[in-house]
Structures are given as C-alpha cells and as structure tokens.
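Biologist: Could you take me through one part of this model up close? I'd like the surface and overall build as a backdrop, then a proper look at one loop and the helix you find most worth pairing with that loop.

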Amino acid sequence: MRSKVNAIISAPMLLPSNPKASYLAHKEEIDRAVQTVLENGWYILGHEVSEFEAEFARFVGVPWCIGVGSGTDALQVAFRACGIAPGDAVITVSHTAVATVCAIQLSGATPILVDIDTATFTIDLNRVEDTLKSNLRKQIKAILPVHLYGHPAEMPGIMEIAGRHDLYVIEDCSQAHGAMCQGQRVGSFGDFGAFSFYPTKNLGALGDGGGLVTGDSDLANKARMLRQYGWKQRYISEVPGMNSRLDELQAAILRVKLGFLDQNNGRRREIAEMYDRLLSGSSFILPAEPNSVQHVYHQYVVRSQKRDALRAFLRENSVETAVLYPMPVHLQPGYRDSVVVGQGGLPETERICQEILSLPMYPELSDGEVSRVAEIMLDWEQNGTI
C-alpha cells in the first residue's frame, strides 16, 4: 500500500472543512439572493432576517427564532434574557469552543466546568449530579450542554435534572444544526437553543452570524429587545441592551443554505459511514452514535494515542486535519484562574485532548477523497508507525 500513498502525495491538499466548496455548490442561488438584498436597499433587520427566523424556527420545531450577530452573542443574550447575572453560576464543559465559557463570563456569571462522557464527548450527567450536590449548588442557575461535533448531548436526562433543581437549560447547538435526540431536534429541548452560523458550520453564513430559538414567548420577547439596545419601541430602551443583529445579506445566504441542510447532513452521515466502514478493525477509536440520537457530523473525530504522528503523516500526504480542541478551557491562560472545576475533576477532558483528530468532513467531499484519507491512515498503521 505504500506505493499507493506515494502516488497521491502530489494530490491537492484536502482540508478539514471547506466553506468555499459550500458556496460554489450553491453559487447561483446565493449570488441571486445577495443581489436581491443589495438592490432592495434594506440591510439590517428587514425581510430576509424575519423570513429566515420563521423558517429556521420551523426547522428546529419551535415557535420563535431571534437572529443575532454571532453564536457567542446568542449565548450571552440567552443568559441575560434568563436573568443570569453576577453571583450566579452555569454548569458546562471544558472540552468545547472557548466561546461557550466566554459567553458565561460576559454575562457576569461563573462557569463551573464538569467532565465529559468519553464515548460521546458531551457532558457527563453523573458529574452534573455530583456538582449539584456540592456546596456550589446555591450559585447554580443553569446548565449549558454542548452538542459537540454534531453529536447531541443526552437531553432527556439533562431536562430531568434541570426540572428537579429548577434550573434553566440553554443548549449550545453551534456544531449540531439538525441533529436529533429521540426524534427531536436539538435546540428545542431547553429554554433556549443557541446557534452559530460561522462559515464552517453545518449551516454556515459567509460571515459571522448567530441565532436563538425558544418555545417561550416571554423569553423570545426579552431576547429580541436585548439584541438591539433593549428597544421595544425604536429609540426607547426598556432595559439595558446590546447591539447584536443578524444582517440581511447573511440571512439571505442562510435562507438558501437552509433549504439544503437536511440533504447536506445526509451526505455528512454517508461520509461518516464510509469512514466507519473503511477504518473498522483498525486501532483508531471511531465516533459513537447511540440509537437514540442522529449525529450530523460537524466533525468526524477519531482518537489515537499517537495523534501527532498520525497528523504529521496525513499532512505529508496532502491531507490536512484539525484538533478541536488541543487545550481544555480550564487550562488556557485566559480562563484558568476564573473558572471553577466541578465535582470529580476533569480527567477525561484532559486525556482526550491528547488523542483527538478531526478528519476532513464536509458534504462536497467525494467518495474517492474519503477513501484516500482512510488509505493513508491504514498505511500509517500497517507500516509499524504505532
């Protein structure tokens, strides 16, 4: 097999994600949508935003969506709408994009970080329960589960815990547009679901963007005021607000791409099934997908105890990969002195960050490119490199 790998060293570099390919796949529709906005002359909180909000709410299965400027802002607005403030605390994970923890601190609350389930990389409910039994309980006002890599957190269990303890649930859905848990879309379980529309996401704009979804009309109204200066009536602030608005251009692009989201998620699942089949029997630990969930594979993440050597070999053979994330938030210089570690510590979180590797994953990958990645990995394994 070595000769096969040598033969493709000069092949074009495969990227972990490719937002340009997504644009090119829908170029005609996107260009037409953008041109329509430019010609209409209304660029902030107009027709395209309101139509996208209605369409995305229907997609998730809730009555309301509020477009904002980013996924980080979506979380921050959600916390403020729920009344979470200085002196409060929010339980979440350390193995996540730093935006998750950043948004908690922007609201003035304290992040309490608990460990993860190593099969799913999502929040460990046992550690949540243990932390709620500790002396931290009085501060805790919310649970923030992260649907990481496209895999839903165990939402029925989270909602049961939150109900017993009278806690808000704010779902971080930024990597899981369209994912399902027991037949229900993520974002529709909690008080809020927060989404990022960053270009690499399963539903990605061509710039920054975010959104909140909710089934609670009072929370929806609060979020809508907060995103624009606290206005209910223009120029009159009912509450102190902020400026975080999804613009018309990005909303128009998202409307186009929303129409292809289920199809593209289906292709991601096909690619994941190919990786599963081609890498079965290898030493790599492959992603888990319990029967109760539908994973949408924002990332296809494998584990190897010699991750860095594998990654270097793939790069030498024109396959770029990613590590999401190389350092847990609680160990990062900007956060290690301002977060609280929950009961049980974070041993699994700290261990897997040394092993995880995201393979190329986006709907425009060809079957041949997926096979090429798997061949290189198996070649690395079979030639005594692990």
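Modeller: Starting from the outside, the protein chain has an accessible surface of about 15,700 Å², and carbon and sulfur atoms account for 49% of that. Keep in mind that this is a predicted model. As for charges, there are 35 positive and 45 negative ones, and their mean positions sit 2 Å apart.

On the overall build, the chain carries 14 helices and 15 strands. Its radius of gyration is 21 Å, close to the 21 Å the globule rule gives for 386 residues, so the chain is as compact as a globular protein of that length. Along the principal axes, the C-alpha atoms fill a box of roughly 70 × 60 × 40 Å. Buried residues make up 55% of the 386. If you take contacts between residues at least 6 apart in sequence, 73% of them join residues at least 24 apart.

Now for the loop. Ser244 belongs to the stretch between strand E11 (236–237) and helix H10 (248–258). Is Ser244 buried or exposed? Its relative accessibility is 2%, and because the cut-off for buried is under 20%, Ser244 counts as buried. A polar atom of the Ser244 side chain lies 2.8 Å from the backbone nitrogen of Gly69. Setting aside neighbours within four places in sequence, the contacts of Ser244 are Gly67, Val68, Gly69, Ser70, Asp73 and Arg227.

Some of those numbers lead on to helix H9. The buried residues of H9 (residues 217–226) are Leu219, Ala220, Ala223, Met225 and Leu226. An α-helix has 3.6 residues a turn, so residues three or four places apart point the same way. The buried residues of H9 pack against strand E1 (64–68) and helix H5 (71–81), and also against strands E8 (192–196), E9 (210–214) and E10 (231–233). At the N-terminal end, Asp216 acts as the cap of H9: one of its side-chain oxygens lies 2.9 Å from the backbone nitrogen of Asp218.

One last stop is another loop, the one between helix H3 (27–40) and helix H4 (47–60), where you'll find Gly46. Gly46 is buried too, with a relative accessible area of 13%. From Gly46 to Asp247 it's 201 residues in sequence, yet C-alpha to C-alpha they are 8.3 Å apart in space.

Note on methods. Residues numbered from 1 in each chain as written. Predicted model: local features only at pLDDT ≥ 70, side-chain atom pairs only at ≥ 80, totals over all residues. Heavy atoms only, no water. Helix = DSSP H or I, 4+ residues; strand = E, 2+ residues; numbered from the N terminus. Rg over C-alpha atoms; globule rule 2.2 N^0.38 Å. Buried < 20%, exposed > 50% of the residue type's maximum accessible area, 1.4 Å probe, protein only. Contact = heavy atoms within 4.5 Å. Areas by Shrake-Rupley, 256 points an atom, 1.4 Å probe, with all protein chains shown as cover. Lys, Arg positive; Asp, Glu negative; His and termini not counted. Charge placed at Lys NZ, Arg CZ, Asp CG, Glu CD. Polar contact = N/O pair within 3.5 Å; in protein donor to acceptor, adjacent residues only side chain to side chain.
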